[in-house]
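Let's take a walk through a protein model together, from its overall build down to a handful of side chains. Please have the viewer open as you read.

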Amino acid sequence: MPGVPTDSLHLRGEYFLKTVYPKTVVKLVGVDALQGDGKFITYGGFSVTRHEQGEIAYQVNIEFKDQKYRFWLTNFVFTPYQRDRYGNFVPQQGVDIPLETAISKLDKKDLAAYLDETGAFCKQCGDKLKIYMLKAPAQKKEETTKKVVTDKW
């Protein structure tokens with residue numbers, strides 16, 4: 001990113017995390033780095049009986065230097081869903097499976113589907129980040145509040 005200073009890249013990265021993934025918890029790590037913790041839902045089943053299989057929590061890291069940035073997604077943890085007594089799918093309490101050790105705890109077919117969805121999510125996230133880093137964040141317009149005067153009719 002020639003000609004773009006570190007603080008502008010930092011603002012663009014923060015704007016990206018807050019607008020594209022609003023449920024992501026953004027933390028400032030040092031002066032020149034951001035860290036976001038979020039999750040996405042994985043689906044399984046056929047087209048008619050498609051339902052939530054679980055959720056995958058992730059961590060996105062973005063580092064900035066003068067005219068440069070880099071990012072990576074890490075710490076993927078799968079939490080399976082189960083049906084509750086009302087028929088809704090909710091996360092199982094106390095069951096968190098890191099994806100790097102999931103081969104011993106999950107079925108190979110299910111694990112392959114989760115890894116495919118994770119790869120697609122990472123690719124999509126990276127593509128969106130590149131787009132947001134190229135453009136400046138939108139400035140908030142100051143809205144003038146209109147006052148209604150009720151004593152002068």
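The paragraphs below start with the whole chain and then turn to single residues.

A word on the ground rules comes before the tour. This is a predicted model, in which local features need pLDDT of at least 70 and side-chain atom pairs count only at pLDDT 80 or more, while totals for chains, interfaces and linings use all residues. Residues are numbered from 1 along each chain as its sequence is written, and side-chain values use heavy atoms, with hydrogens and water left out.

Let's begin with the overall build. The protein has two helices and six strands, where helices (H or I, at least four residues) and strands (E, at least two) are DSSP runs numbered from the N terminus. Read from the N terminus on, the elements follow the order α-β-β-β-β-β-β-α. Along the principal axes, the C-alpha atoms fill a box of roughly 65 × 55 × 30 Å. The radius of gyration is 21 Å, whereas a compact globule of 153 residues would have one near 15 Å; the radius is taken over C-alpha atoms, and the globule rule is 2.2 Å times the number of residues to the power 0.38.

Two totals describe the surface. The accessible surface comes to about 10,900 Å², and 54% of this belongs to carbon and sulfur atoms; areas come from the Shrake-Rupley method with a 1.4 Å probe, and for residues only the protein chains shown count as cover. Of the 153 residues, 29% count as buried, a label that means under 20% relative accessible area, with exposed being over 50% and partly exposed in between (1.4 Å probe, protein chains only). As for contacts (heavy atoms within 4.5 Å), residues 24 or more positions apart account for 46% of those with a separation of 6 or more.

Now for the rings. How many aromatic pairs does the structure hold? There are eight aromatic pairs; rings of Phe, Tyr and Trp (its six-membered ring) pair if their centres lie within 6.5 Å, and planes under 30 degrees apart count as stacked, over 60 as edge-to-face and the rest as tilted. Tyr 58 and Phe 121 make a tilted pair, at 4.9 Å centre to centre and with 55° between the planes. This pair links distant parts of the chain, 63 residues apart: Tyr 58 is in strand S3 (residues 51-65) and Phe 121 in helix H2 (residues 108-134). Tyr 58 is buried, at a relative accessible area of 5%, and Phe 121 is buried as well, at 9%. Both belong to one aromatic cluster, formed by Tyr 15, Phe 16, Tyr 21, Phe 40, Tyr 58, Phe 121 and Tyr 132. Tyr 132 has a further partner: the charged end of Lys 135 sits over its ring, 4.8 Å from the centre (the criterion is NZ of Lys or CZ of Arg within 6 Å of the ring centre and within 35 degrees of the ring normal).

From this pair, move on to Leu 73, which touches Tyr 58 and Phe 121, among others. Leu 73 has its place in strand S4 and counts as buried at 16% relative accessibility. Among its other contacts are Gln 59, Val 60, Cys 122 and Cys 125, with residues up to four places away in sequence not counted. Cys 122, in helix H2, is partly exposed with a relative accessible area of 21%. With the same sequence neighbours left out, Cys 122 touches Leu 73 and Phe 76. The C-alpha atoms of Cys 122 and Trp 72 are separated by 8.8 Å, with their positions 50 residues apart along the chain.

Gln 59 is the next stop. Gln 59 is found in strand S3 and counts as buried at 14% relative accessibility. Which side chain does the side chain of Gln 59 meet in a polar contact? The partner is the side chain of Asn 75, at 2.8 Å; a polar contact is a pair of N or O atoms within 3.5 Å, where within protein one must be able to donate a hydrogen and the other to accept it, and residues adjacent in sequence count only if both atoms are side-chain atoms.

Asn 75 lies in strand S4 and is partly exposed, at 47%. Its backbone deserves a look too: Asn 75 has a positive phi of about 55° although it is not a glycine. Gln 67, also not a glycine, has a positive phi of about 70°. Gln 67 lies in the loop between S3 and strand S4 (68-83) and is partly exposed, with a relative accessible area of 36%.
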